[in-house]
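Ready for a few exercises at the screen? Have the sequence and the 3D view open, and try each task before reading its solution.

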Amino acid sequence: MKIKDRLTDGKVHISFEVFPPKTDAKFESVLHAVDEIAKLAPSFISVTYGAGGGTSKNTVKIASHIQNDLGVDSIAHLTCVSSTKEEVRQRVHEMRESGIQNILALRGDIPAESEFPIPNQYKYAYELIEDIKSQGDFCVGAACYPEGHVECEHKEDDIAHLKQKVDCGVDFLTTQMFFDNSVFYNFLYRIREKGIIVPVLPGIMPVTNGKQIARSCQLSGAVLPSRFRAIVDHFGDNPKAMQQAGIVYATDQIIDLIANGIQNIHVYSMNKPEVAAAIMSNLSEIAK
Ligand code: FAD
């Protein structure tokens, strides 16, 4: 099913994200995590491409497994960074052959000290979106940044670039993680004012590792509000306590979003079925 059709059916939808293994040796354990997450019956599962060191070659394989073997809708990410234009064509062909109908089209994280774009590579996500749209009837999602993209100096320019991207045929947007819902509400107001009217899924990150989050925030530009910084400072050295606190904080964000009329929420579950399960359990009466 195309994700865009699900997002407008008036129900609450919770979706999860997984990433492919860094090495082939880890493939089975990632598959096990994916199977466990699928048992929670999320609205869909997204599979990253080359992000955080995950190899891009397994993205289609895992997205196809979710879709065809587990019966849960999947969305495969695709990036300009890890692909030449020929590889984009090849990947899109593989996706079509595997019955994947949903693609999240991204510029991608540029690996440190690498040259980008090389000749025969797309520079911006909007170019990739135009290519995908020309290759078939896919539902195409894209990324957006409530706190502004780190490389863009002015938020107004970032929103103008977002409008250009959406106008290329984006069916829905998923946000970068944020920890203060008022940042999201404000962003939503600003983009709606600029005529961006597609569904926007807030991306919620249950923080389970105090050390990692500082680095992730630095890279993504996400700000930790003082209330949450105190939690990370206090529990960050105790993994079990941090996980518990991170799940509660993420649940609190999700409940606030739903209470404010946001019905589609994407959770960065990071191959952690126990985290995804805890969130679903916390929402058992809320996200029916
Ligand atoms: P773009 O939309 O191309 O924007 C990149 C920058 O260029 C922005 O600063 C924008 O303002 C600017 N820009 C855009 N168009 C123009 C223009 N016409 N002229 C001048 N400037 C312009 N990374 C991965 O590697 N793999 C993944 O699977 C992955 N999944 C993600 C999923 C989500 C939901 C999110 C939010 C991010 C994900 N990322 C992933 C990270 C993402 O690739 C990075 O944040 C990347 O830096 C930007 O990607 P983008 O698609 O938003 O790029």
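The exercises below go from the ligand to the cores, then to one asparagine and some backbone details.

A word on the model: this is a predicted one, in which local features need pLDDT of at least 70 and side-chain atom pairs count only at pLDDT 80 or more, while totals for chains, interfaces and linings use all residues. Residues are numbered from 1 along each chain as its sequence is written, and side-chain values use heavy atoms, with hydrogens and water left out.

**Exercise 1. Find what surrounds the ligand and the polar contacts that its oxygen atoms make.**

Step 1. Select the residues near the ligand (a heavy atom within 4 Å of it). You should get 26, and the closest are Arg107, Tyr145, His149, Asp158 and Lys165.

Step 2. Sort this shell by type, counting Ala, Val, Leu, Ile, Met, Phe, Trp, Tyr, Cys and Pro as nonpolar, Asp, Glu, Lys and Arg as charged, and the others, Gly among them, as polar. The result is 11 nonpolar, 10 polar and five charged residues.

Step 3. Look for polar contacts, meaning pairs of N or O atoms within 3.5 Å; within protein, one must be able to donate a hydrogen and the other to accept it, and residues adjacent in sequence count only if both atoms are side-chain atoms. The side chain of Arg107 places an N or O atom 2.7 Å from a ligand oxygen. For the side chain of Lys165, the distance to a ligand oxygen is 2.8 Å. Ala125 uses a backbone N or O atom instead, 2.8 Å from an oxygen of the ligand.

Step 4. Check the cover, with accessible areas from the Shrake-Rupley method and a 1.4 Å probe; for residues, only the protein chains shown count as cover. Alone, the ligand exposes 980 Å², and the protein buries 88% of that.

Step 5. Assign the shell to helices (H or I, at least four residues) and strands (E, at least two), which are DSSP runs numbered from the N terminus. Helix 6 gives the largest share, four residues.

**Exercise 2. Locate the nonpolar cores.**

Step 1. Collect buried Ala, Val, Leu, Ile, Met, Phe, Trp, Tyr and Cys residues joined through side-chain atoms within 4.5 Å. Here buried means under 20% relative accessible area, exposed over 50%, and partly exposed in between (1.4 Å probe, protein chains only).

Step 2. The largest core has 65 residues, and Ile132 is among those that touch the most other members. Helix 2 (residues 27-38) supplies the largest share of this core, six residues. Another core, of 15 residues, lies apart and includes Phe179 and Tyr249.

**Exercise 3. Where does Asn102 sit, and what does its side chain reach?**

Step 1. Asn102 belongs to strand 4 (residues 102-106). Asn102 counts as buried because its relative accessibility is 0%.

Step 2. A polar atom of the Asn102 side chain is 3.1 Å from the backbone oxygen of Met1. The backbone nitrogen of Ile3 is 2.9 Å from a polar atom of that side chain.

**Exercise 4. Pick out unusual backbone geometry.**

Step 1. Recall that most residues other than glycine have a negative phi, and most peptide bonds are trans.

Step 2. In the loop between strand 4 and helix 5 you find Pro117; the peptide bond from Phe116 to Pro117 is cis, with omega near -10°. Asn120 is found in the loop between strand 4 and helix 5, and has a positive phi near 70°.

Step 3. Asn271 has a positive phi near 60°. With a relative accessible area of 15%, Asn271 is buried, whereas Asn120, at 32%, is partly exposed.
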